[in-house]
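Visitor: I am new to this structure, and I would like to hear how each label in it is earned. Could you take me through the reasoning, step by step?

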2 protein chains.
Amino acid sequence: MSEIRYDLITGKRVIIATERGKRPHDFNVNYEEKKNNTCPFCPGNEEMTPPTLVEIKDKKGNWLVRGFENKFAAVNTDLKSFEAPSLYKAEYGYGVAEVIVESPEHDVTFGSLSLEQMQKVFMAIIERYKKIAQDDKIKYIQVFKNFGARGGASLEHGHWQIIATSFIPDVVEKEVAGTQEYIKKKGKCPYCEIVKYEKEEGKRIISENENFIVIAPYASQYPYECWIIPKEHQERFEELKEENVASLTKILKTLIVKYEREFNFPPYNIVVHTLPIYDTRNYHWHFEIAPRLTVAAGFELGTGVYINPVPPELAASVLRI
Amino acid sequence: MSEIRYDLITGKRVIIATERGKRPHDFNVNYEEKKNNTCPFCPGNEEMTPPTLVEIKDKKGNWLVRGFENKFAAVNTDLKSFEAPSLYKAEYGYGVAEVIVESPEHDVTFGSLSLEQMQKVFMAIIERYKKIAQDDKIKYIQVFKNFGARGGASLEHGHWQIIATSFIPDVVEKEVAGTQEYIKKKGKCPYCEIVKYEKEEGKRIISENENFIVIAPYASQYPYECWIIPKEHQERFEELKEENVASLTKILKTLIVKYEREFNFPPYNIVVHTLPIYDTRNYHWHFEIAPRLTVAAGFELGTGVYINPVPPELAASVLRI
């Protein structure tokens, strides 16, 4: 069972994933990846994971992409009731957690996948996204990829994650509300404005193609952070058409290959930002991507303000493609 | 020079520390500590750091605790003007960044310091805090300790940091505003309520002495997170009396020793939460401490919601002293 608990003073949510309750010796403080264990994501080991939910196969019937429930889910679909201690507020941690394995090959990095294979990965993600969105208890679906132990990946074999929650998370709510605020004041979508401005100024632009632009955002929180933004105003990632998936994977692959080369296969995160399900407000979906080169520490934890030692203008000049 | 930039959509601040601008090869992706270099924090190497600002000496005249400006400061005291690109908002990154070296010994961990030495560290921190607070351009002073490379410490030799900013950071503002809100609704300080409730319920209490209580907070964001809260209502850390410093160091040392033993010297952060300077609102200062056993990854970056695999009730039963 998992609980959503609220901080008494700030109201900040946290998910306490009770079933994963770990004693000290369960934490591998050295974060080293275990290379010798049998990988549950490799073909032939399907019985080590929950049943297949989505699958894209080759002509011989072998899977190329495979999705299933996360065995160590942070949220649960079985509803149980429980009571918070009288002083505090908490809710049942309802939600959906799934994994999409991006290739049958254990050792291939995301940057080395073929464009065709990458497209299959996104088609599988979108298929699951649309399925999960049918559950009316779900308010937001977070799609992301963690790479590397220090990027939060607990298994080496390349994969994506989907975590769907019964609430709109703070970061998402702030972005969507901020977008409405900007439109109200200026009459234009702020992401469309960024696309236009960054193309003109040129200092923080990294790459572009027909449908997408990659920039180092003006207020980058992390060194070498990048955003991939659709050039046309599009609200939802899940409404991405197949022909645009091709164009997205092309620009994403180029960026990831650049990261892999410049930083010698650094840990990184790719995070999809999209409009909450059923939300009728305006938004402009995009990807936020950051190699994990620095550590958020005491100052960041205490203040919420990130110190970024790399100005995005420098990041853009290094990453420019 | 450093800049405070604002995200166009959410208004979120970030400090771009331009002078630290690092090219890719400057990032040590393996985060390994360099053990063979000369340590600028060791006695005899004082000329490697900026001049001494605070010093506590032994009878022979050797320093036991030493403080100075941070050579790689995230914020600057020299004021320069600059212009943000027309679409965006930014400010000059005014502030003060200092380091307090907690012992002349390079290898001693914080948990192994004598209580007397720990008290000297806090007396030096408080002295510098009060001095920095006299600058009327400063609004908040963040005091913290990073331990271990994965805790964000860039040097091994034990030290604390002070970063003072020209603004009240979001996390701090939310806590202080949340405290006012709670008092308005319930007529009581929420931290005082937590102290009372946790003592009664007992499930999340770790240790207490005459002046302080240690708890695993109900909505712990990190596994084995702990708060040290003064039992009496006290607004400001910097007004801590010398006799209470003794009692604080005693309970803090016990906790850090417990972390060191249970998790084999894990990386961790100690973060002071206190009322902003000149702020006339009500608050209850405390320490927030967390070993860094997990990595905030795609879900946390995208949503702002932390997944904690250790219920604080379990954390308390493991850490109970």
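Visitor: Why is A:C226 called buried?

Guide: In this predicted model, A:C226 has a relative accessibility of 0%, and since buried means under 20%, the residue counts as buried.

Visitor: How do you know whether A:C226 is bonded to A:C189 or too far from it?

Guide: The sulfur of A:C189 is the closest cysteine sulfur to that of A:C226, and it lies 19 Å away; a disulfide needs two sulfur atoms within 2.5 Å, so the distance is too far for a bond.

Visitor: And what is the place of B:C42 with respect to disulfides?

Guide: B:C42 is in no disulfide, for the nearest cysteine sulfur, that of B:C39, is 3.9 Å away, and the limit is 2.5 Å. With a relative accessible area of 17%, B:C42 is buried, and over all chains the count comes to 0 disulfides.

Visitor: What makes A:C192 buried or exposed, or something in between?

Guide: Its relative accessible area is 25%, and because the range between 20% and 50% is called partly exposed, A:C192 takes that label. A:C192 is placed in helix α3 of chain A, and it touches A:H233 and A:H284, leaving aside residues up to four places away in sequence.

Visitor: How do you know that the span of helix α3 of chain A agrees with what is expected?

Guide: Helix α3, residues 190-201 of chain A, has 12 residues, and from its first C-alpha to its last it reaches 16 Å, close to the 16 Å expected at 1.5 Å a residue. Its buried residues are A:P190, A:Y191, A:E193, A:I194, A:V195, A:Y197 and A:E198, and what covers them includes α2, β9, β10, β11 and β13 of chain A. After α3(A) comes A:G202, whose phi is positive, near 75°.

Visitor: Why does the span of helix α4 of chain B agree with its 21 residues?

Guide: At 1.5 Å a residue, the 21 residues of helix α4, residues 242-262 of chain B, should span 30 Å, and the end C-alpha atoms are 30 Å apart, so the two values agree. Among the buried residues of α4(B) are B:N244, B:V245, B:L248, B:I251, B:L252 and B:L255. B:N264 follows α4(B), with a positive phi near 55°.

Visitor: What makes A:E208 and A:K231 a salt bridge?

Guide: The closest N and O atoms of A:E208 and A:K231 are 2.6 Å apart, and the cut-off is 4 Å, so the pair is counted as a salt bridge. A:E208 lies in strand β9 of chain A and A:K231 in the loop between β11 and α4 of chain A, so the bridge ties together parts that are 23 residues apart in sequence. A:E208, with a relative accessible area of 37%, is partly exposed, and A:K231, at 23% relative accessibility, counts as partly exposed.

Visitor: Why do A:R281 and A:D279 get their labels, buried or partly exposed?

Guide: A:R281 stands at 24% relative accessibility and counts as partly exposed, whereas A:D279, at 12%, counts as buried, because the line is drawn at 20%. The two residues form a salt bridge, with their closest N and O atoms 2.8 Å apart.

Visitor: How do you know that B:E313 and B:R204 meet in a salt bridge?

Guide: Their side chains come to 2.5 Å, N to O, which is within the 4 Å that the label asks for. Both B:E313 and B:R204 are buried.

Visitor: Which salt bridge does A:R5 form?

Guide: A:R5 forms a salt bridge with B:E313, the closest N and O atoms being 3.0 Å apart, and across the interface of chain A and chain B the rule finds 2 salt bridges. A:E3, A:R5, B:E198, B:E201, B:R204 and B:E313 are linked in a network of salt bridges.

Visitor: How much area do chain A and chain B bury between them?

Guide: They bury about 8,100 Å², 67% of it on carbon and sulfur atoms, and the contact takes 96 residues from chain A and 97 residues from chain B.

Definitions and conventions:
Residues numbered from 1 in each chain as written. Chains lettered and ligands numbered in written order. Predicted model: local features only at pLDDT ≥ 70, side-chain atom pairs only at ≥ 80, totals over all residues. Heavy atoms only, no water. Helix = DSSP H or I, 4+ residues; strand = E, 2+ residues; numbered from the N terminus. Expected span 1.5 Å × (residues − 1). Buried < 20%, exposed > 50% of the residue type's maximum accessible area, 1.4 Å probe, protein only. Contact = heavy atoms within 4.5 Å. Buried area = accessible area lost by both parts, 1.4 Å probe.
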